[in-house]
Each structure stands twice: as structure tokens, then as C-alpha cells.
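Here are my notes on this one, as numbered points. Have the structure open while you read.

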Amino acid sequence: MGHMPHRIIDRTAGNIRIVVEGRTPEELFAEAVRGLTDLMHPEADPGVAVAERELVIHAPDQTSLIVDFLKELLTDSYGRKEAVQDVTVRHLSGDCIEADVRTVPAISFGEELKGVSYREADVHKRPDGMWETSLIFDV
């Protein structure tokens, strides 16, 4: 297991840049969510039941889709005071994602992320067959 599916590349006063990778586009999206959750440092409420809901996002292309998907999860996490525990991508095409999102109540978040940027985001398949994108989170 030689690769790290997501890693922080750069951190400045205003943003955090990460690179995410996966063997398939579905894995890439799920890994991006794990990256988002790691950065938010949620403190989950122990012993509380996991909630599950379906999230469907449409966008013009996969790069916009991954950013919009993360934006939605970010807004929901803070708005509902929930930490994303797990995501199952049920359907992913060039312009739509359908995912089951499992969450637990969050007592607090260690990092206040203000948003996800379209700049530098670029979902692509590398020559080695892995899928990759950079992502910038505003802090």
C-alpha cells in the first residue's frame, strides 16, 4: 500500500490545498470526502445513532461535480452540525452523482472551512491509471 489517497500539499493563511487520488472516479469522490472530513476535525457525539440520507448533485462535468458535491457536504455538516462518517457512491456519470451519506452528530469542528474552490480542481486519469484532482479549501 504505497500511496496516500489524500494528502495536504500546501497550507497558507487563506487556504489548504490537497491532492486526492483513487483507482476509479467513485473512489476518488469518496476519498475527497474523507479528505474534507479530516480537514474539518469533527468531534463526533459518541454513542449517537448514525443517520443516512441520499444526496444527488448535477453539474456540467466531473470536476464541477466533485467541487459541488464537497460544497454541499461542507454546508450540510456545519448547518446540521453533523460529521460525515462514510459515503457510498451509488451512481457516478460525467454530470451526476448519487451517493448515500452517513453522518453522526458533531459536538464541534476543529477547523472552520469557508468553502471549496473550483480553482486548480481538475478530475483526470493519470498515465498510471489512477484518478486524481487537486482541491483547494478556503479557511
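1. Start with the pair Glu-31 and Arg-34, which form a salt bridge whose closest N and O atoms are 3.0 Å apart. This is a predicted model, so keep that in mind throughout. Both residues belong to helix H1 and sit 3 residues apart, about one turn of the helix. The two partners differ in burial: Glu-31 counts as buried because its relative accessible area is 7%, while Arg-34, at 38%, is partly exposed.

2. Now the helix itself. H1 covers residues 25–40, and at 1.5 Å a residue its 16 residues should span 22 Å; the end C-alpha atoms are 23 Å apart, which agrees. Since 12 of those 16 residues are buried, H1 is largely enclosed by the rest of the structure. Among the buried ones are Pro-25, Leu-28, Val-33, Gly-35, Thr-37 and Met-40. Right after H1 comes His-41, with a positive phi near 45°.

3. Phe-29 is worth a click. This residue is in helix H1, and its relative accessibility is 0%, so Phe-29 counts as buried. What does Phe-29 contact, leaving aside neighbours within four places in sequence? The list is Gln-62, Leu-65, Ile-66, Phe-69, Val-89, Leu-92 and Ile-97.

4. On to the nonpolar core. Nonpolar side chains tend to be buried together in soluble globular proteins. Here the largest nonpolar core has 35 residues, and the members touching the most others are Ile-66, Phe-69, Leu-70, Ile-97, Leu-113, Leu-135 and Phe-137. Elements giving two or more residues to this core include H1, strand S2 (15–22), helix H2 (62–80) and strand S9 (131–138). Which element gives the most to this core? That would be H2, with 8 residues.

5. Take Phe-137 as another stop in that core. Neighbours within four places in sequence aside, Phe-137 is in contact with Gly-14, Asn-15, Ile-16, Ile-18, Leu-36, Leu-39, Leu-70, Leu-113, Gly-115 and Val-116. Of these, Leu-36 and Leu-39 are also on the list of buried residues in H1.

6. A word on strands. S5 and S6 pair in the antiparallel sense, over 9 bridges, and a hairpin of 3 residues joins S5 to S6. If you want a landmark, Glu-82 stands opposite Pro-105 in S6.

7. Back to charges. Side chains of opposite charge can pair when their charged atoms come close. A search of the whole structure turns up 15 salt bridges. One of them joins Arg-11 to Glu-111, with the closest N and O atoms 2.6 Å apart. Arg-11 lies in strand S1 (residues 6–11) and Glu-111 in the loop between S6 and strand S7 (115–117), so this pair ties together parts that are 100 residues apart in sequence. Arg-11 counts as partly exposed because its relative accessibility is 47%; Glu-111, at 15%, counts as buried.

8. Helix H2 has a pair as well: Arg-80 and Asp-76 form a salt bridge, with the closest N and O atoms 4.0 Å apart. They are 4 residues apart in H2, about one turn of the helix. Buried or partly exposed, for Arg-80? With a relative accessible area of 45%, Arg-80 is partly exposed, whereas Asp-76 is buried at 13%.

9. Last item: a network of salt bridges links Glu-21, Arg-126, Asp-128 and Glu-132.

Notes: Residues are numbered from 1 along each chain as its sequence is written. This is a predicted model: local features need pLDDT of at least 70, side-chain atom pairs count only at pLDDT 80 or more; totals for chains, interfaces and linings use all residues. Side-chain values use heavy atoms; hydrogens and water are left out. The expected span of a helix is 1.5 Å times one less than its number of residues. Buried means under 20% relative accessible area, exposed over 50%, partly exposed in between (1.4 Å probe, protein chains only). A nonpolar core is a set of buried Ala, Val, Leu, Ile, Met, Phe, Trp, Tyr and Cys residues joined through side-chain atoms within 4.5 Å. Contact means heavy atoms within 4.5 Å. Two strands pair if DSSP finds at least two bridges between them. A salt bridge is a side-chain nitrogen of Lys or Arg within 4 Å of a carboxyl oxygen of Asp or Glu.
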